[in-house]
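Here's an easy-going look around a structure you may not have met before. Keep the view open and follow along.

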Amino acid sequence: MYIQNYETYQEKKTHFDADFPYNTYPCCIPQDFPSVPLHWHLQMEIIYVKKGRGTVSIDLAAENVTAGDIIFIAPGQLHGIFQFENERVEYENILFDLAMLMSKNNDLCTSDFFEPLQLTYVPAKNIYTPADPAYRRIACHLDRADEICRTFPPAYQLAIKGCLFSLFYELFSDWQGSAAEPKSRRPLEKLKQILKYVEQNYQKRITIEEISSYSDYSPSHFMKYFKNAMGMSFIEYVNDYRLMTAARMLLSCDDTILAIAGEIGFDNLSHFNRCFKKKFGKTPSAYRSFHETAISDTSQVPR
């Protein structure tokens, strides 16, 4: 699965104690992967843009981001990361479990701040730019955590927790002072489950009857609902998901194009080649060769 490939990439980039659920690693689109499709998870995620420009979608609202921007994704929020036009974006991805900051005795910090964020609360503000009044204070704590993670000094875990508590002090102070009301997650819950179903079953044929039954909709109502939410038909989305998966596999494994086509649900190689070229402007083999050359050239340039 594409998201599983992304998570495997995360694991390979992780250099932390398995018992300390705070992970950070560099990513680059399109060098590491062409995009990160819409998905959700139970960890808190921070995307810290370092170079270039990209597009981030949060709960179906897309916004362009650029170097310096910091994006906060609450547990359960639907999100994806995409290339902006032909530009390259480099970012630091930070994932951690909010439970590491929560007291087992359910103290005030847990009950009033972290538990709501874990379960129901959607931030009034997800994206901070250098122009925001709170930006410098927020960035300071992330930069401090990054510095700690360069050397891993003794008891670094305590220092990281300290940075996170200070970070959330700034965030909750800003969110609660914002005029915007926190949004409800409920309207997106059904869509999240549908996308998760695709993520788990895209390798086989998914019929409208099957997915509409899974969603407790009639086929006609489901097609209208999905098109209104995603801006494309369900069949178009599944095919796009498969092609994005193929693009990731072309860059991450040595499987033949025939094997990749079969693995993502295409039983006709010619049809797969045509669909892939229509989306990416290159045949699968040309796409693989182009990005292998680009990665090789990039590795020769000092950073």
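## The two sides of helix α7

Let's start with the residues that face outward: Ser-220, Lys-224 and Asn-228 are exposed on one side of α7. On the other side of the story, Phe-222, Tyr-225, Phe-226 and Met-230 of α7 are buried. Looking down the axis of α7, those buried residues fit within an arc of 100°, so they line one face of the helix. An α-helix has 3.6 residues a turn, so residues three or four places apart point the same way. Keep in mind that this is a predicted model.

How does the length of α7 work out? The helix covers residues 219-230, and at 1.5 Å a residue its 12 residues should span 16 Å; the end C-alpha atoms are 16 Å apart, which agrees. Just after α7 comes Gly-231, with a positive phi of about 75°.

## A hairpin of two strands

Now hop over to strand β3 (residues 44-58) and strand β4 (residues 61-66), which pair in the antiparallel sense over 6 bridges. If you want a spot to look at, Ser-57 stands opposite Ala-62 in β4.

The hairpin of β3 and β4 has 2 residues between the strands, and here Asp-59 takes a positive phi near 50°.

## Rings meeting rings

Aromatic side chains give you plenty to browse: a search of the whole structure turns up 24 aromatic pairs. One of them is Phe-96 with Phe-168, an edge-to-face pair at 6.2 Å centre to centre, with 70° between the planes. Phe-96 belongs to strand β7 (residues 89-96) and Phe-168 to helix α4 (residues 156-176), so this pair ties together parts that are 72 residues apart in sequence. Both Phe-96 and Phe-168 are buried.

Another pair is Phe-276 and Phe-280, whose ring centres are 4.6 Å apart with planes at 35°, so this pair is tilted. These two sit 4 residues apart in helix α10 (residues 269-280), which means about one helical turn separates Phe-276 and Phe-280. Phe-276 has 0% relative accessibility, so it counts as buried.

Which residues make up the aromatic cluster with Phe-96? Tyr-22, Phe-96, Phe-113, Phe-114, Phe-165, Phe-168, Phe-172 and Trp-175 form one cluster together.

## Lysines over a tryptophan

Last stop: Trp-40. Lys-192 lies over the face of Trp-40, 4.5 Å from the ring centre. Lys-196 also has its charged end over the ring of Trp-40, at 5.1 Å from the centre.

Definitions and conventions. Residues are numbered from 1 along each chain as its sequence is written. This is a predicted model: local features need pLDDT of at least 70, side-chain atom pairs count only at pLDDT 80 or more; totals for chains, interfaces and linings use all residues. Side-chain values use heavy atoms; hydrogens and water are left out. The expected span of a helix is 1.5 Å times one less than its number of residues. Buried means under 20% relative accessible area, exposed over 50%, partly exposed in between (1.4 Å probe, protein chains only). The arc is that of the directions from the helix axis to the C-beta atoms. Two strands pair if DSSP finds at least two bridges between them. Rings of Phe, Tyr and Trp (its six-membered ring) pair if their centres lie within 6.5 Å; planes under 30 degrees apart count as stacked, over 60 as edge-to-face and the rest as tilted. A charge sits over a ring if NZ of Lys or CZ of Arg is within 6 Å of the ring centre and within 35 degrees of the ring normal.
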